[in-house]
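Biologist: I'd like a close look at one part of this model, please. Could you pick a spot in the helical packing and walk me through what surrounds it?

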Amino acid sequence: MDSKASTVAPTQSKPKEKDFLNHLEAYLAKRDGVDKLLKISRYATKIILASSVLPETVPLTRRLKSFESSVGLSRKAFRLGKFVQDVNALRNSHLDSKQEIFLSIIAYGGEGLYYFVEQFIWLAKSGLIDAKHSRNLQKLSAWAEFIGYIGSISLKFRDLKRINEDEACLNSSIEIAVSRGAGCKEEEERRNKLREKKLMKKLSVVQDLADGLMALADIQDGKGRFSDPLVVSCAGLLSALISTHKNWVSC
């Protein structure tokens with residue numbers, strides 16, 4: 001064997017950047033990924049309709065209304081069995097206090113009941129169940145969703161408080177290390193990850209507030225103070241964009 005060949009060190013390949021099409025495939029393979037793209041298209045359409053940009057007599061207006069209604073029904077099919085994720089989330093939660101237990105039951109229980117009832121609303125709108133039950137089911141669904149968001153937002157504020165406390169501890173450690181002339185690269189990396197986590201948590205709170213506003217509008221049958229069609233549609237689009245970003249990052 002050639003002695004020179006045996007001494008050549010293996011070349012290290014650079015880590016490949018995530019391929020866009022592979023990333024897109026992974027995103028579209030997720031139920032939430034497709035659902036949120038449908039949500040974006042639906043609420044973008046609702047904004048156009050609510051803003052009165054197009055006259056009612058234009059054929060495109062009727063097509064957009066039909067499209068919006070069709071997408072809304074299609075999204076309900078994506079909720080089949082989705083309540084199971086809330087059941088498992090509640091089972092797998094590590095709860096430290098009675099308050100956390102209470103808030104988790106409200107958050108996951110409310111959202112789980114919402115997704116469970118949504119299955120029957122889809123069946124009613126699809127014609128398999130008598131449509132006379134649709135109104136009561138929609139009211140129950142809206143209340144369950146709204147209560148679930150109250151619990152979810154409360155839990156996320158508690159999480160943000162913990163993150164801020166952890167970040168303050170890291171900042172103190174970094175300041176001490178810098179004053180002593182010691183390295184703190186590991187602590188800075190942990191702080192950066194903590195700040196990314198805090199940003200995503202804040203976005204989740206904004207998303208829950210937007211979705212909670214839409215649930216409140218459903219409870220009030222579109223007649224309340226916060227039920228203006230354009231405001232609700234903008235809230236829906238904001239929620240969809242945040243959720244799409246979160247799902248894309250998590251792929």
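Modeller: Happily! Let's begin at Ser243, which sits in helix 9. Bear in mind throughout that this is a predicted model. With a relative accessible area of 6%, Ser243 falls under the 20% cut-off and therefore counts as buried. Setting aside neighbours within four places in sequence, Ser243 is in contact with Lys36 and Gln207. Another residue to look at here is Leu203: 40 residues separate Leu203 from Ser243 along the chain, while their C-alpha atoms are 8.7 Å apart.

Now step along to Thr244, also placed in helix 9, which covers residues 229-250. Thr244 has 15% relative accessibility, so Thr244 is buried. If residues up to four places away in sequence are not counted, Thr244 touches Tyr27, Lys36 and Ile40. Lys36 thus turns up in the contacts of Ser243 and again in those of Thr244.

Helix 9 also takes part in the largest nonpolar core. That core has eight residues: Tyr43, Ile47, Ala210, Met214, Ala217, Val232, Ala235 and Leu237. At least two of its residues come from each of helix 3 (31-50), helix 8 and helix 9. Met214 is a good residue to centre your view on. Not counting residues up to four places away in sequence, Met214 touches the core members Tyr43, Val232 and Ala235, and Met214 touches Lys39 and Gly236 as well.

From the core you can follow helix 8 (residues 185-219) to its packing with helix 7 (residues 134-179), where the axes are 8 Å apart and make an angle of about 160°. An angle over 145 degrees is counted as roughly antiparallel, and helix 7 and helix 8 are therefore roughly antiparallel to each other. Their crossing is left-handed. Sorted by class, the residues in this contact are 16 nonpolar, five polar and 18 charged.

One last stop takes us back to helix 3. In the loop between helix 3 and helix 4 (59-77) you will find Ser52. Ser52 is not a glycine, yet its phi is positive, at about 60°. Where Ser243 is buried, Ser52 is exposed, because its relative accessible area of 56% lies over the 50% cut-off.

Technical notes: Residues are numbered from 1 along each chain as its sequence is written. This is a predicted model: local features need pLDDT of at least 70, side-chain atom pairs count only at pLDDT 80 or more; totals for chains, interfaces and linings use all residues. Side-chain values use heavy atoms; hydrogens and water are left out. Axes are lines fitted to C-alpha atoms, for helices over the stretch in contact, and angles run from 0 to 180 degrees between N-to-C directions. Helices (H or I, at least four residues) and strands (E, at least two) are DSSP runs, numbered from the N terminus. Angles under 35 degrees count as roughly parallel, over 145 as roughly antiparallel, 65 to 115 as roughly perpendicular and the rest as oblique. A crossing is left-handed if the near helix is turned anticlockwise from the far one by less than a right angle, and right-handed if clockwise. Ala, Val, Leu, Ile, Met, Phe, Trp, Tyr, Cys and Pro count as nonpolar, Asp, Glu, Lys and Arg as charged, and the others, Gly among them, as polar. Buried means under 20% relative accessible area, exposed over 50%, partly exposed in between (1.4 Å probe, protein chains only). Contact means heavy atoms within 4.5 Å. A nonpolar core is a set of buried Ala, Val, Leu, Ile, Met, Phe, Trp, Tyr and Cys residues joined through side-chain atoms within 4.5 Å.
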